[in-house]
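Student: Could we take a close look at a single part of this protein together? I would like to see how one residue sits among its surroundings, and then how that part fits into the whole.

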Amino acid sequence: MKLNLTPSSSPQIGVLATLLTTISGVISVDDIWGDEWDILLLSLQSTAPFLHIGALVTVTAISWLVAGYVVRRERSNFQVMMLLIYMVILLAVYLAPLTFTCPCIMDRHTLRPRPDIIGRRGAPMLAPENTMVSFNRALQYGTSSLEADVTISVDGVPFLMRDRTLKRTTDVRKVFPVRQYDDASFFNWTEIRSLNAGQWFLESDPYWTVGTLTARDRSRIGNQTVCSLVEMLRLAARANGSALLNVRRPPPEHPRYRSWFMDTLWAVQKAGITQKRVRTVTWTPDTDRGRVRGLPQTANEKLSVEEMRQRGITSLTLHYSKASHKDLQEYLANNVSVTVYPVNEGWLYSILWCSGVPSVSSDAPQVLRKVPYPIWLMSRNAYDFIWITSDLVSFAVIVGIFSFQKWRMRGMQSYNPEQIMLSAVARRSSREVNIMKEKLIFSELNNGLSSTEELCLYPENGYATYSHGELSH
């Protein structure tokens, strides 16, 4: 089968190839980064004004190809469809800013204070999570509060552990190999304290930061033990900070199943920190919330303001994917404190700052410390001017391109093949034309003209023709 490619089919092939490439790219991105789609809307809030300018430049540049195809003399349904699709895309790009929700498009005087940074398990990118060295690092990088995961031991000592087991962040496999898969809450405090909680960080290097540590830091990290809640709270109190506790209730068969809240409250009192500076996120039913008396209650799910009041919840901790700008504004208008987690990038911190979030929980306080002001901030009037001006410039350029392509195509269509051949022959010398005549006559005679077929040569224009009758010159 022979594939016949004509100039008119080239744009169709290009459009089809572009469409297939786009679809393949979207499928590949979804397969590789499927878990990252939640951050797409927030990312667009940060980059939408700049993406709009990029989209304007792109559709304006594409107009050269579109105009070159649709202004041709011959008309087809594909040309009309291509023009309509382009016009729809162009209109959508022009009006896209009407759909933007960019918190950082605002007046500077309405910008709220810089959000407080909470060290989420300390500074886990620089030191093993939920250890004293990690919390100290977080305070060194300017955190105002510390966040920790609390588990109750079998003898009623609250200690810090994120996982259900001790396997990932301790050497329990060496010390208690038979119990390495047991729930961490079924160990007593003496057993827990005997475990090393820092060597795993040096060996696995989870954030590729071990290479930046000094020999002294590595030695200190390698000797870390599991941290108790009292130790962490005392550190927060000395730094005049606060604490956010994610308390995990023990299993039903645990001896402290019904007294875990008293154990937590005892640790707070023993640490000497005021209860108002300690917030708890309890992963328990509402019937247990009232038992932790004196501690401000925080929920880790999106709730309405009315529901929060009914359940006695005073603040929220929300994942960034659930912290929409609209919801944040509603919470802030009703004096609800919101903490967003995990915030590890400067651009995300800037967007939440513009949204008015009072605090964020971060695994990378050392990164957020380098953001003393939102990355970009623009007034509404300034952005409207840029938007409208860019659209007008783009429209003027596109009109000019279409007009030029139409004029260019009209000039090309005013010439036919015979005229082009005549022009080429006219530029030759008379001697060259005579030689061409002779070669043409003799080649035809040699090929054997029929008796009724004659060759007519017109010297005045350099053309030879066949006719029936006599040979004339």
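Tutor: Happily; we will start with Ser362, and then step outwards to a few other parts of the chain. Keep in mind that this is a predicted model.

Where does Ser362 sit? Look for strand S9, which runs over residues 359–362 and holds Ser362. Is Ser362 buried or exposed? Its relative accessibility is 0%, and buried means under 20%, so Ser362 counts as buried.

Now look at what the side chain of Ser362 does there. It reaches the backbone oxygen of Val343 at 2.7 Å. The side chain of Ser362 also makes a polar contact of 3.3 Å with the side chain of Asn344. Val343 and Asn344 both appear again when we list the contacts of Ser362, leaving aside neighbours within four places in sequence. That list also holds Ile117, Ile118, Gly119, Arg120 and Gly122, together with Leu368.

Contacts between distant parts of the sequence turn up across the protein too. Among contacts with a separation of 6 or more, 61% join residues 24 or more positions apart. Of the 473 residues in the protein, 42% are buried, and the chain forms 18 helices and 11 strands.

Let us visit some of those helices. Glu191 lies in helix H6, residues 189–193. Not counting residues up to four places away in sequence, Glu191 touches Phe176 and Arg179. Val175 is 16 residues from Glu191 in sequence, and their C-alpha atoms are 9.1 Å apart.

Next, find a pair of helices that meet. Two packed helices are described by the angle between their axes and the distance between the axes. For helix H9 (residues 229–238) and helix H10 (residues 260–271), the axes come within 8 Å and cross at roughly 40°. That angle is why H9 is oblique to H10. Their crossing is right-handed. On the H9 side, Leu229, Val230, Leu233 and Arg234 take part, and they meet Thr264, Ala267, Val268, Lys270 and Ala271 in H10.

Finally, here is something from a record. An unreviewed UniProt entry gives the annotation "transmembrane region" to residues 52–71, 83–100 and 385–404. What does the model show there? Residues 52–71 are 95% helix and 0% strand, with end C-alpha atoms 28 Å apart. Residues 385–404 are 100% helix and 0% strand, and the C-alpha atoms at the ends lie 29 Å apart.

Terms used. Residues are numbered from 1 along each chain as its sequence is written. This is a predicted model: local features need pLDDT of at least 70, side-chain atom pairs count only at pLDDT 80 or more; totals for chains, interfaces and linings use all residues. Side-chain values use heavy atoms; hydrogens and water are left out. UniProt positions are given in the numbering used here, feature names are shortened, and annotations may be inferred rather than shown by experiment. Helices (H or I, at least four residues) and strands (E, at least two) are DSSP runs, numbered from the N terminus. Buried means under 20% relative accessible area, exposed over 50%, partly exposed in between (1.4 Å probe, protein chains only). A polar contact is a pair of N or O atoms within 3.5 Å; within protein, one must be able to donate a hydrogen and the other to accept it, and residues adjacent in sequence count only if both atoms are side-chain atoms. Contact means heavy atoms within 4.5 Å. Axes are lines fitted to C-alpha atoms, for helices over the stretch in contact, and angles run from 0 to 180 degrees between N-to-C directions. Angles under 35 degrees count as roughly parallel, over 145 as roughly antiparallel, 65 to 115 as roughly perpendicular and the rest as oblique. A crossing is left-handed if the near helix is turned anticlockwise from the far one by less than a right angle, and right-handed if clockwise.
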